[in-house]
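Open the structure in your viewer and keep the selection tool at hand. This tour goes from stop to stop and says what to select at each one.

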Amino acid sequence: MGGAFLAAAVLARAGARIGLPTIPLFILAGILLGPHTPGIVLVSDPHDMEMLSALGLVLLLFYLGLEFHMDDLKAGGRRMALAGGTYLALNVGAGLGFGFALGWGSSEALVLAGVLGISSSAIVTKVLVDTGRLGNPETRPILGIIVVEDVFLALYLAALQPILSGADSLGSAVLDGGKAFAFLLLLALAARFGTRVVGRLFATKDDELLVISFLGAAVFMAGVSEWFGVADAIGAFMVGLMLGSTASGTRIRKLVHPLRDAFGAMFFFAFGLSIDPGDLPSVLWPVLAAVALTLAMNVLAGLGAARIYGFGPGPAANISTTLLARGEFALILATMAAAAGLDSRLSPFIAGYVLLLAVLGPLAAGRSALLARILPARTG
């Protein structure tokens, strides 16, 4: 574990000198020091890092919830839903069409719809932090789209699981989807009406007690969410959403920073451990085609969101590039596809696609001004 932290730090420090973002370097450290690459192997079994990786994702999404204020959610609910729906329609639709065009099978196409359609919440959060754009006006629609994606994700997984497992019970699938939706609704109601009560429960002048309290709440709610069939990270996000609006919100944002940075790095390192570079050449051309398609759909979605919110080309470019990266959800789908015995080309394809966009996404977000120059002068 110590070697993993140090390796990630050394590569990130070296990359910072030439202007590279930290995210792909953390991933690269995992690839170079994992079981699939010759040389020094720090972690022979990626599952050894599973809990650290999960904690990193929980803290990244918890911090995202802290930054997403309830007032913004209540004020912009309709526009948020419209922007998120537009993003999903373009990207999930393109992913489904791409999957059928590859001819790997119907189940594989449904998996690829999710892989190409859903942004990485963890990488989007890290990009917003690294670029210093958390206070920008276009950040609210970006976070809104992430929330819509997370809601869609819960329902999508509930619907996909019976298909991949070969279950023929429609009633079981409907029950799982209903349970997930009911839990999401309960969390939303708690975030909307329970802020005052939550604020009293977490009120303390002792920083130590506050850290233990919010960390326990975020991790516990992530586990409960997973039990209900909802992505674990959305439970942590909702806890952050509630706590961010309390009197302790500012202190919590300050106290969670070092935890978010440290364990977030381990999430990306563990992601790198799961990638086998030897499998990537066989799916090179499909990966490049999928990346080009995702770039095009994100630009269209960014223009659509900018029109909805009345933004110009600069914010449109920021929205397009910030949401570009794919990550943790695609890896979940790759694991599910492998367990279901789907086409063997699917796992290396997902690994190559995610790795390439994990590198291109932060780089593009840092240079979004170049895209803004070629976008229409008026998007609203």
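**Stop 1: a surface leucine**

Select Leu 185, which sits in helix 9. Bear in mind that the model is predicted. Is Leu 185 buried, partly exposed or exposed? Leu 185 has a relative accessible area of 45%. That value counts as partly exposed because it falls between the 20% and 50% cut-offs.

**Stop 2: the patch around it**

Keep Leu 185 selected and add Val 151, Leu 155, Phe 181, Leu 189 and Phe 193. Together these residues make a nonpolar surface patch of about 550 Å². Two elements give two or more residues to the patch: helix 8 (139-165) and helix 9 (170-193). Which helix gives the most? Helix 9 does, with four residues.

**Stop 3: the core**

Now go inside. Select Phe 62, Phe 349 and Tyr 353. They have the most contacts inside the largest nonpolar core, which has 121 residues. Stay on Phe 349 and show what it touches. Beyond its neighbours within four places in sequence, Phe 349 is in contact with Phe 98, Trp 104, Leu 112 and Leu 116. Val 283, Pro 286, Val 287 and Ala 290 are also in contact with Phe 349.

**Stop 4: helix 16**

Select residues 328-339, the 12 residues of helix 16. From first C-alpha to last, helix 16 reaches 17 Å, close to the expected 16 Å. Which residues of helix 16 are buried? They are Glu 328, Phe 329, Ala 330, Leu 333, Ala 334, Met 336 and Ala 337. Finish at Gly 341, which follows helix 16 and has a positive phi, near 70°.

Methods. Residues are numbered from 1 along each chain as its sequence is written. This is a predicted model: local features need pLDDT of at least 70, side-chain atom pairs count only at pLDDT 80 or more; totals for chains, interfaces and linings use all residues. Side-chain values use heavy atoms; hydrogens and water are left out. The expected span of a helix is 1.5 Å times one less than its number of residues. Buried means under 20% relative accessible area, exposed over 50%, partly exposed in between (1.4 Å probe, protein chains only). A nonpolar core is a set of buried Ala, Val, Leu, Ile, Met, Phe, Trp, Tyr and Cys residues joined through side-chain atoms within 4.5 Å. Contact means heavy atoms within 4.5 Å. Patches are made of residues with over 30% relative accessible area and no salt bridge: like charges are joined within 9 Å, nonpolar side chains (Val, Leu, Ile, Met, Phe, Trp, Tyr) within 5 Å. Accessible areas come from the Shrake-Rupley method with a 1.4 Å probe; for residues, only the protein chains shown count as cover. A salt bridge is a side-chain nitrogen of Lys or Arg within 4 Å of a carboxyl oxygen of Asp or Glu.
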